[in-house]
Amino acid sequence: MAQLRIGSRGSQLALWQAEHISALLRERGHQVEIQIIKTTGDKIVDVALAKVGTKGMFTKEIEEALAAGEVDLAVHSLKDLPTELSAGFELAAVTKRQHPNDVLLARNDMTLAQLAVGARVGTSSLRRQAQLKVVRPDLEIHPLRGNVDTRIRKLEHGEYDAIILAAAGLNRLGRTELVRQVIPTEIMCPAAGQGALGIEIRAGDRQLRSCLEFLDNSDARRTTTCERALLNALGGGCQVPIGAFAEVTEGKLKLQAVVARPDGTKILRESAIGDDPERLGQSVGMTLLRNGAAAILEEVYGENMAIPQQP
């Protein structure tokens with residue numbers, strides 16, 4: 001193929017991800033260049049993400065460049081990609097998944113259970129906030145925006161006692177020095193797709209799809225398809241208090257999911273095992289809705305959280 005142009009956000013982590021895919025493509029003989037595209041989510045840096053509520057806030061502008069033929073493929077953190085792609089696009093590959101868990105970072109060597117009463121914890125994720133409040137209702141949760149380095153620097157400067165980030169991004173950037181605890185998924189269920197990269201192309205580009213198929217990991221595709229199906233069933237985006245984590249066990253898919261009130265006063269958990277990723281995700285999502293998730297999500301939407309139906 002002619003030179004491949006990758007569309008990417010300009011954050012340190014996004015560029016690492018784009019460079020990672022570029023290196024794998026170059027190993028196969030392709031010429032690759034990266035084009036940095038600023039997204040809505042990058043431009044809004046002083047508002048908690050849950051209050052922004054723009055559909056595809058980290059992907060829309062990149063998709064526009066893809067549609068216009070300015071780039072050939074886009075590399076996304078899969079958890080940022082809407083569960084239903086816009087017409088004209090397809091998900092060509094889901095890469096092998098990095099560590100899906102969330103982790104606790106702190107200046108002092110302590111776990112979530114050891115944080116002082118009333119400790120200041122930084123996160124802009126309603127999903128993380130809600131699950132933190134379930135196990136530690138005494139904690140003070142404060143918004144945290146910025147790239148990985150900025151967030152860690154705020155912790156080091158004493159603005160927070162601890163912060164919560166995704167393990168995958170820290171591992172990729174080699175910034176694990178302040179990680180004090182990998183939080184079990186039973187305590188903090190990850191975001192749908194967390195730890196995986198999604199490679200998006202224009203729909204019907206068979207030649208490019210063929211070039212990229214070596215990047216597609218079957219287990220990552222199955223598990224994230226299941227998680228995204230659950231998110232879709234709940235009508236929720238990446239900024240709603242919904243957790244979804246699927247894993248392959250003895251050939252079967254096991255899905256665990258969480259919907260919680262942001263203040264942690266109510267949490268619904270559901271899990272199931274199945275073979276079909278879409279069907280399993282839809283089934284668990286519908287069960288959660290029947291068991292009270294609909295009321296929780298309606299309450300979240302009503303609290304002036306401008307949250308879209310999709311991330």
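**Rings, helices and a few buried side chains**

A count of aromatic ring pairs in this predicted model comes to 0. Pairs of this kind are described by how far apart the ring centres are and by the angle between the ring planes. With none to describe here, attention turns to a ring that has a charge for company instead. The ring belongs to Phe 214, and the charged end of Arg 28 sits over it, 3.9 Å from the ring centre.

Stepping back to the whole chain, there are 10 helices and 13 strands. Of the 311 residues, 55% are buried. Among contacts with a separation of 6 or more, 71% are between residues 24 or more positions apart.

Two helices make a nice contrast. Take α1 to begin with, which runs over residues 12–27. Its 16 residues reach 22 Å from the first C-alpha to the last, close to the 22 Å expected. The buried residues in α1 are Leu 13, Ala 14, Gln 17, Ala 18, Ile 21, Ser 22 and Leu 25. Quite a mix of elements helps to cover them, including the strands β1 (4–8), β2 (32–36), β3 (73–77) and β10 (197–202), along with the helices α7 (167–173) and α8 (206–212). Just after α1 ends, Gly 29 takes a positive phi of about 95°.

Now for α10, made up of residues 277–302. A straight helix of 26 residues would span 38 Å, yet α10 spans only 31 Å between its end C-alpha atoms. Where does α10 have its kink? The kink is centred on Gly 292 and comes to about 75°. Gly 292 is also one of the buried residues of α10. Others among them are Pro 277, Leu 280, Gly 281, Val 284, Gly 285, Thr 287 and Leu 288, and the list carries on with Ala 293, Ile 296, Leu 297 and Val 300. The cover over these residues includes two helices, α5 (126–135) and α9 (218–234), as well as the strands β11 (242–249), β12 (252–260) and β13 (267–274). At the start of α10, a side-chain oxygen of Asp 276 reaches to within 3.1 Å of the backbone nitrogen of Glu 278.

Helix α5 turns up again as the home of Arg 127. Is Arg 127 buried or exposed? Its relative accessible area is 4%, so Arg 127 counts as buried, the cut-off being under 20%. The side chain of Arg 127 reaches the backbone oxygen of Cys 189 at 2.8 Å. Leaving aside residues up to four places away in sequence, Arg 127 touches a set that includes Asp 102, Met 188, Cys 189, Pro 190 and Gln 194, plus Val 240, Pro 241, Ile 242 and Gly 243.

Val 121, in strand β6 (residues 120–122), is buried too, with a relative accessible area of 0%. Its contacts, again not counting residues up to four places away in sequence, include Leu 115, Leu 132, Leu 139, Ile 141, Tyr 160 and Ile 163. Leu 132 is 11 residues from Val 121 in sequence and 9.3 Å from it in space, C-alpha to C-alpha.

His 157 tells another story. It lies in the loop between α6 (148–156) and β8 (162–166). With a relative accessible area of 59%, His 157 is exposed, because the cut-off for that is over 50%. His 157 and Arg 107 are 50 residues apart in sequence, and their C-alpha atoms are 9.4 Å apart in space.

Key. Residues are numbered from 1 along each chain as its sequence is written. This is a predicted model: local features need pLDDT of at least 70, side-chain atom pairs count only at pLDDT 80 or more; totals for chains, interfaces and linings use all residues. Side-chain values use heavy atoms; hydrogens and water are left out. Rings of Phe, Tyr and Trp (its six-membered ring) pair if their centres lie within 6.5 Å; planes under 30 degrees apart count as stacked, over 60 as edge-to-face and the rest as tilted. A charge sits over a ring if NZ of Lys or CZ of Arg is within 6 Å of the ring centre and within 35 degrees of the ring normal. Helices (H or I, at least four residues) and strands (E, at least two) are DSSP runs, numbered from the N terminus. The expected span of a helix is 1.5 Å times one less than its number of residues. The bend at a residue is the angle between axes fitted to the seven residues ending there and the seven starting there. Buried means under 20% relative accessible area, exposed over 50%, partly exposed in between (1.4 Å probe, protein chains only). Contact means heavy atoms within 4.5 Å. A polar contact is a pair of N or O atoms within 3.5 Å; within protein, one must be able to donate a hydrogen and the other to accept it, and residues adjacent in sequence count only if both atoms are side-chain atoms.
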